[in-house]
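Please open the model in your viewer with the chains coloured separately, and keep the selection panel at hand. The stops below are meant to be followed in order, each one beginning with what to select.

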Amino acid sequence: MDILSWFVAIPVLTVMAILFAKDLKQTRIISAIGMSAQLGLTTWLVYAYLAERAAGNAAAWLFKYDVTWFTSLNIHYTVGVDGISVAMIALTSVVIFAGVFASWRTDYLPREFFISLILLSSGVFGFFISLDLFTMFLFYEIAVIPMYLLIGIWGTGPKEYSAMKLTLMLMGGSALIMVGLLGVYFNSAPAGQQLTFNLNEIAANGIPVVAQQFFFPMLFLGFGVLGALFPFHTWSPDGHASAPTAVSMLHAGVLMKLGGYGAFRVAIYLMPEAAQDQAWIFIILTSVSVVYGAFGAVVQKDLKYINAYSSVSHCGLVLFAILMMNQTALNGAILQMISHGLMTALFFALIGMIYGRTHTRMINEMGGLMKVLPFLGVAYVIAGLASLGLPGLSGFVAEMTIFVGAYQHTDLFHRFVTIMATTSIVVTAVYILRVVGVLLFGPIRDEHHLHLTDATWWERLSTVTLITAIAAVGIFPLWLSDMINFSLRPIVERIVAAL
Amino acid sequence: MMTEGIPLEYFLIVSTLMFFIGIFGFLTRKNLITMLMSIELILNSVNINFVAFNSYLYPHQMQGQFYSLIIIAVAAAEAAVAIAIIINIYRNFRSIETDKVDEMKY
Amino acid sequence: MTNYSYTLFIPLIPLAMFLLIGLTGHKFKPIVSGYAGTLGLTVAAFLSYITAIRYFFIEGAVDGTYPMIKAVSTVWLRFTDTLHIDLGVLIDPISVMMLVVITTVSLMVHLYSLGYMKGERGFARFYAFLSLFSFSMLGLVLATNIFQMYIFWELVGVSSFLLIGFYYEKPSAVAASKKAFIVTRFADLGFLIGILMLSFTTDTFDFKTLTSLDGPIITSTAGASFMGLSVITWSLIFIFIGGAGKSAMFPLHIWLPDAMEGPTPVSALIHAATMVVAGVYLVARLFPAYAIAAPDALHVVGYVGGFTSLFAAVIAITQIDIKRVLAFSTMSQIGYMMMSLGVSGYGDHEGLGYMASMFHLFTHAMFKALLFLGAGAIIHAVHSNNMTDMGGLRKYMPITHITFLIACLTIAGIPPLSGFWSKDEILAAALHHNPILFGIGFGVAGLTAFYMFRLYYNIFWGTDRHYHHTPHEAPAIMTFPLLFLAVASVFSGFLPFSHMVTSDGKPFEAHTDMLVAIPSVVIALIGITFATIMYKKPSTIPDRLAGSIKGLYKASLNKFWFDEIYLFVTKRVIFAYISRPIAWFDRHVVDATMNLVGWTVTTASNKIKGLQSGQLQQYAMVFVSSVVILVLLFVYLISK
Amino acid sequence: MTFQDILLMRHELLLSVLMLLILIIDLMLKGESRKSLIPVSLTLFLGVVIIGFLPASEGSIFGGMYKTNGTTLLMKNILNIATLIVFLQSAAWLKKEENNQKLAEFFILILSTLIGMNLMISSGDFLMFYIGLETATIPLAALAAYTHHQTKSAEAGIKLILSSALSSGILLYGISMIYGTTGSVYFTEVAAKWSNEPLNIMAFIFFFSGMAFKISLVPFHLWTADVYEGAPVNVTSYLSVVSKGSAAFVLMTVLYTVFPAMVEHWQTVLYVIAVLTMTIGNLFALRQKNMKRFLAFSSIAQAGFILLGIIGASQLGMTTTIFFVLTYVFTNLAAFGVVSAISNETGKENMDDYNGLYQTNPKLSLLLMLALFSLAGIPPVAGFFGKFFLFASAASQSFYWLVFIAVVNATISLYYYLLPVKAIFINKNENPIPSFKSDVYTRTGLIIAALGTLLIGLLSISYEYIASLSYGLQ
Amino acid sequence: MNNQVMFFLLSAIILIFSVLTVTTRRVLRAAVYLLFVLVATAGIYFQLQYNFLAAVQLTVYAGGIVVLIIFSILLTSHISERAPRASAAKAALSALATVAGAILVLLTVLQFNFTPARLEKVEPTVTNVGRALVSYKEYGYALPFEAISILLLAAMIGAIVVAKKESNQEKQK
């Protein structure tokens, strides 16, 4: 088996192993082993990828592997990675690894929980390695659907409502994607030639502009729903609020990135002309997302809602940058996906840990936790600082790349909305500091909180993993940025050539 | 010819009217058995069609005639089963009025 | 060219100390962290001095110009081929000067805090943050490009946030730290937008390119203009907003007085000597751009500075909290520096204002740090910030008293103390360029003398208060920095600044202009005299005076209600009219729309259930009419 | 006519022989020993199924009245397998005392309808088509009314027989007009002489309505839910899977081979009907509480999706339609299998009864979830592939708005498919259905259905095989 | 001329009794009217010289089905019982749909130009019918003949299954 398929295989094997587990203890050990192996494999992949590049391999896709699946429809199982997908895979591995440890103490139906969680991750990995739109879509849906059970069974609050809403909205998005993909497929080749789902072949053939005008909005909106595009973001606050910790982590950290990644890889890459024509509509929507999400977060009282709205804002920035369609902004978009993925996962992990102790997520019912929970408190501050774009943490790198890139756009409108979008950094500071100020600082409000115990080893492991990743990206962004840039160049050249 | 002076359309008019009378009966009769009778009218009208077409237009084959034959046979089978079920209904509901048979709905 | 690459260690050593203390500090006794931090900074200070000596005195000017040297530079993040963030070390007169200022003051604060913070919970944390701040501030001044500066700009902001909120269990401290961060963050937004605009026009971040006379910023005609000002001007104004925020210029000043909630050494270091002058440094850094390409922007700088200095001085007169008096004084003095930049030209003697500003920055750092540390010692002794709780302390704290007096005299501009020299140059520059600003500066000089001595008398003279325990002199570890800084305050005025730090790097001769010097000393003396009359002995004059100008007094006491205005804007406007409506809109319009879709579907489902009535004949009816309709439709209506 | 020619009909012949054989065996068995009829019939039928897979040639006999080709054979085999699964799943129900008297009749009636469907599939003219259709329908009405003591069952029977009689009357009227306008009832001759006069189109619509009734397309679907609910659960599953699947296939072949000349017309008709069917089916399914009724409306909506395949009017269309029927057979039988197992064991058929089922019967729960996901078109189970390809077929004719409506409907359908999942996994229940172990037949049936649901999509060979047999408009 | 009179007479009987079948309130009378219709239809077959078919019509339909229907009526209702009328609204709606349908269909049918195939006629004699019935060639009907037998068998068994009383079950009740 080729190296990339292992990324799907390891989660599946782990799931199978869990089927034989007897109790929580065995289940989580198996999960931890599986996901550690996945993390190891990822490390190896990053290394191997960089080594290949260093050795001068300039092919757009590395580690390609191709099997014909449905011959008559020309559907292939084609996998391959470029710098962008390697980065996304790395993000996913880190988050799922941390997620497994964050849910170390799942006592209700643990086997089922870990199975769903890991199955979901296999879908995500599959999505990132796919070069064939059909398999990409297949993995996309595999990644989305276990969410229903994960939230519905292990969630809190109005979990059934939230789970249903989330699932339906996301599947509504994927319905649009399906139409879009079919449209792409049937326009993927000149008349008389073999139709194809292969990303690169379609790009090489080019899609007629008339068809693009019709299918671009479908694909972009479809992926946009998962990317929390205003006004289709409302699944996010409720969904995240109800989801169990690891699920929120994975969902906000990784799944929402599928939206951005898809919008970029499929919608923009394949249909640049239409993207160019229609970008302004979506740019307005995404800049609304950015600012609106941030303002929406300011007055929330539930920690998870704050973070969910914050995610709307940050993910809006991803889509915003994608629509700018220049190298720097796109690079920023990818960086932002990674950055937001890591820090929002950290946020949700911490919120989960705090909730596990205080049994409330309402900030006005807590206070002064820094004193009793120093580790979690510090981690929360770090997450907050990352979120508000402190240099040295990942958020800064991503946001600055986006802003600089977006501002390089020659069109005055784009530069204007960029300035609009930058205002979000102030609002972000407002709500982050509000939370930190109320939750962690000040006097302790609830006497019961005086006896809380600080993080356990698995919680520390989960947290430290994410913080390390955040800091690594934030302090040494160049290798990541260069890796992404290298792979973006041909894409951007194609986009520019098309315009 | 015994059909001289009678255009094909006459047969079609008769059969069509009979067909819709049957349908009207099916839609309005309360009694299940009379609904079944309406069905027989419908099938009969179709038979007239087949036979008339066969006789007027395509007499080189007997397709229409045989179709009618088969329809008669099928109608018999249908009637047999339907009546069996109607009797069963009568046992269960103590009535064979179609309005009463609406235990399952919505 | 000399190799200055070792200067990299100047910021890196504090960083290492930060990581060391932050990660392992809790494993040792707290004092170890203090020593480690202090040691690290001692090394950094040592390296800074060596650098300064080498740069100014051993290497000296090359071809009559102090060179701008990129000692270290590495690409940190690449945006485009031309736009990339480099991290590096830039050695030029102002950065070297700032190295000296920062490491000196920081070292003093480190020493001082060993005594001041003794026994505090979070002692190690304090030193970790101090190290983090030192690292950030050093990184800021050594920045080779505007984006590196922005990075460290943010980092100093966050260090400041952490240090102001050091007593995180105290709600007022938390609120103050939040306020400081958010207000400066807002200003930083301006900075960022300025950077974006500037980089779009010039395609570079590099200071060397930006400030070189044949660089893009100065040679580009920058055709596009908005409201009569060129893009360059706008971008520089935006950048100045960033500087104004950090330097607490009106109207972004409101965070600074509150920032006094932090431990006093922090106020000395961050909110008096170093971080708050970053705005001045920023403008100075881009000075050629301001002076040549965007004189309009420079005027803005000058007027904002001038107004702030007057505004803050007026407020300082009435404040009770001694640290707040000092804070407003700081604002006022920084306003002075800004004003000085605003009235400067480029090159040679035209650049007098620039030189004066830097000079004042230097001297101010020394005497203001001294004032704050002195105030710290006092607070340490009295356990209160309010001058109403103080009086007659000269007997108990002789060293503090003397050093404090020296500092007061220095800031009042009494020759030959350092403050006189730098202030004199500023006024001279203003007189030549802008009489209005000169007038303001002149008046502020008098006000400064007045309120400083009001402070001085209220603390050390007047009547004794009932102290819980007798105030006593601070320990040696705290008085040593006082003495050191007092010496620096006295003598730093004799540094030949015009030979070292000039707008174009070329030394020039600055003369003391008697036309300016004499009146400025006179007005300072008048101020002191008034203060002496009113406050040396208990007196009713202040109350009567306050009564006679009640409105102004009240306005000043309430800081012209700026806090209230801000509160109104944030709570009433942003929260009540933006965020809450958005949150409401999100729940009740956007989300409701999504729910409405679901509701519509289920309602439709319920509405049409009659179709499935269970009536066989109704089914048949539907069947038949559907056939009829289909026939009608497809045979007669849609037939092709 | 040679023996070789006769062999072309081996499905029908074998089934007829089996039918008679069961009739004879039944005469020889008395009392309790009648129960042995179940394994005997199953074994014999298994033999028939296996023989059905032996390679066969294509051909046409009885002067073109009966035709076989690759797709018809395949379809018959699919129906055979489906029927086998239905038989397996019925065993537990048949073993009940109340059914002892009429065991054989169950098999005979089912087999006769299967013969009818096979004849319909292979028909080369409208006469055989009609006979097949009626043979496939009339005994079903008897089966629907199989349970005497239940009023619902009788009601289902009468609703089915009368509705179907009306519909076949209308269909026959249409055929009579087809005969009148083209002069023949042979498919090939009709196709050759077809013109798009108003009367032709009207005749087509009458004919189509009759077929639509059989596939339960809206607005000809109203009988479906009531009959499905009233009939014994295994008969319902047979109705919804085998009967519907065969009818869909026949509709497609008739449209492709008899009416290619009016392709644009029938595409428009299908377009409208598909939209109606999906939407109405979904809207009704939303509110259902009875599992059988729920699955009935679900199957209506699914029928609407099938039209998206047929509308493709090409080799792709045929392939995707047959492939979807294949996936649908296994998927729906898995769903019905679980419902039937629970119904046979506990008599409970309401969704609320399923609350907390996972706690007691995890395997059945998982299987039901799998089936529902497949029906909803969630990967990686078969339904996803089936649905995706169906949509591809419609998209290939540029019916993108139709596809759009379909995917919107698929999303709505996801809502109600998740309701049982919610009941099973999320809802709490004080008294869940107790844990039980089904008999070996049921389990075998469920396993076959589950395997099919899981593998048919992933193993592309099934699709490729169908594609190699399919043809487009002729 | 006679033909026409004959035809109109038969048509009139068919239509009038059809209407009566579906409107009379006495079920048994309806069955009798139906019988008249079926017989008249047979008359039309005779007129068209489809004697065999007419015979089948009389024996199977008139003789078989109608008798079956009458028996079932006797089983399920009282002779004197009058069937309730359909509600006016329902009747009106049905009438509307039916009339509209009839008009539409008639319009469509009548505007079609039927053209006879000018080919040699096969007389529908009993010989020819019999030959065709066992022929397995084209236009032979051996297969339908066999197939219908399966249907009839199945229908018979079905009818028995449905109608027969369950010995044990009923007793237990």
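How far apart do the closest C-alpha atoms of chain A and chain E lie? Select these two chains before anything else, bearing in mind that the model is predicted: no contact joins chain A and chain E, and their closest C-alpha atoms lie 38 Å apart. If you then exchange chain E for chain B, you will find that chain A and chain B do not touch either, the nearest C-alpha atoms of the two being 25 Å apart.

**Chains B and E**

Now show chains B and E together, since among the eight pairs of chains in contact this is the pair that shares the most contacts. Chain E brings 73 residues to the contact, and chain B brings 65 residues. On the side of chain E that touches chain B, the elements giving two or more residues are helices H1 (2-23), H2 (27-47), H3 (51-76), H4 (88-110), H5 (126-134) and H6 (142-163) of chain E. Colour H3(E) separately, as this helix gives the most to that side, with 13 residues. A colouring by residue class will show 53 nonpolar, 17 polar and three charged residues on the side of chain E that touches chain B.

**Chains D and E**

Keep chain E on display and replace chain B by chain D, where 37 residues of chain D are in contact with 30 residues of chain E. The side of chain D that touches chain E receives at least two residues from each of helices H5 (103-122), H6 (126-144), H7 (151-182) and H9 (198-215) of chain D. H6(D) contributes the largest share of this side, eight residues. By class, the side of chain D that touches chain E consists of 19 nonpolar, 12 polar and six charged residues.

While chain D is selected, follow the backbone to Pro219(D), which is found in the loop between H9 and helix H10 (222-230) of chain D; the peptide bond leading to Pro219(D) from Val218(D) is cis, with omega near 5°. Another cis peptide bond runs from Pro379(D) to Pro380(D), with omega near 0°, and Pro380(D) lies in the loop between helix H16 (362-376) and helix H17 (382-396) of chain D.

**Helix pairs in chain A**

Return to chain A and select residues 5-19 and 110-129, which are helices H1 and H4 of chain A; these pack at an angle of about 170°, with their axes 8 Å apart. Because of that angle, H1(A) is roughly antiparallel to H4(A). Side chains to display here include Phe7(A), Val12(A) and Ile18(A) in H1(A), and Phe114(A), Ile118(A) and Phe125(A) in H4(A), all of which belong to the residues that meet between the two helices. The residues of the contact of H1(A) with H4(A) comprise 12 nonpolar, four polar and one charged.

Next select helix H14 (residues 327-358) and helix H20 (residues 457-475) of chain A, whose axes come within 10 Å and cross at roughly 155°. This angle is why H14(A) is roughly antiparallel to H20(A), and the crossing of the two helices is left-handed. Among the residues that make the contact are Leu342(A), Leu346(A) and Met353(A) of H14(A), together with Glu459(A), Leu466(A) and Ile470(A) of H20(A). By class, the contact of H14(A) with H20(A) has 13 nonpolar, three polar and one charged residues.

**A hairpin and a loop in chain A**

Staying in chain A, select strand E1 (residues 62-70) and strand E2 (residues 75-81), which pair in the antiparallel sense over six bridges. Within this pairing, Val67(A) stands opposite Tyr77(A) in E2(A). Four residues lie between the strands of the hairpin, where Asn74(A) takes a positive phi near 60°.

Move on to the loop between helix H9 (209-226) and helix H10 (235-242) of chain A, which holds Ala228(A). Ala228(A) has a positive phi of about 60° although it is not a glycine, and Ala228(A) counts as buried because it has 29 C-beta neighbours inside 10 Å.

**Chain C**

Finish with chain C, whose secondary structure comes to 25 helices and four strands. Its C-alpha atoms fill a box of roughly 110 × 65 × 60 Å along the principal axes, and 60% of its 640 residues count as buried. Centre the view on Ala248(C), in the loop between helix H9 (231-246) and helix H10 (255-258) of chain C. Ala248(C) has a positive phi of about 55° although it is not a glycine, and is buried, with 29 other C-beta atoms within 10 Å.

Definitions and conventions. Residues numbered from 1 in each chain as written. Chains lettered and ligands numbered in written order. Predicted model: local features only at pLDDT ≥ 70, side-chain atom pairs only at ≥ 80, totals over all residues. Axes fitted to C-alpha atoms, helices over the stretch in contact; angles between N-to-C directions. Parallel < 35°, antiparallel > 145°, perpendicular 65-115°, else oblique. Contact = placed C-beta atoms within 7 Å. Nonpolar A, V, L, I, M, F, W, Y, C, P; charged D, E, K, R; others polar. Pairing = 2+ DSSP bridges. Left-handed = near helix turned anticlockwise from the far one by under 90°. Buried ≥ 20, exposed ≤ 12 C-beta atoms within 10 Å, placed from the backbone.
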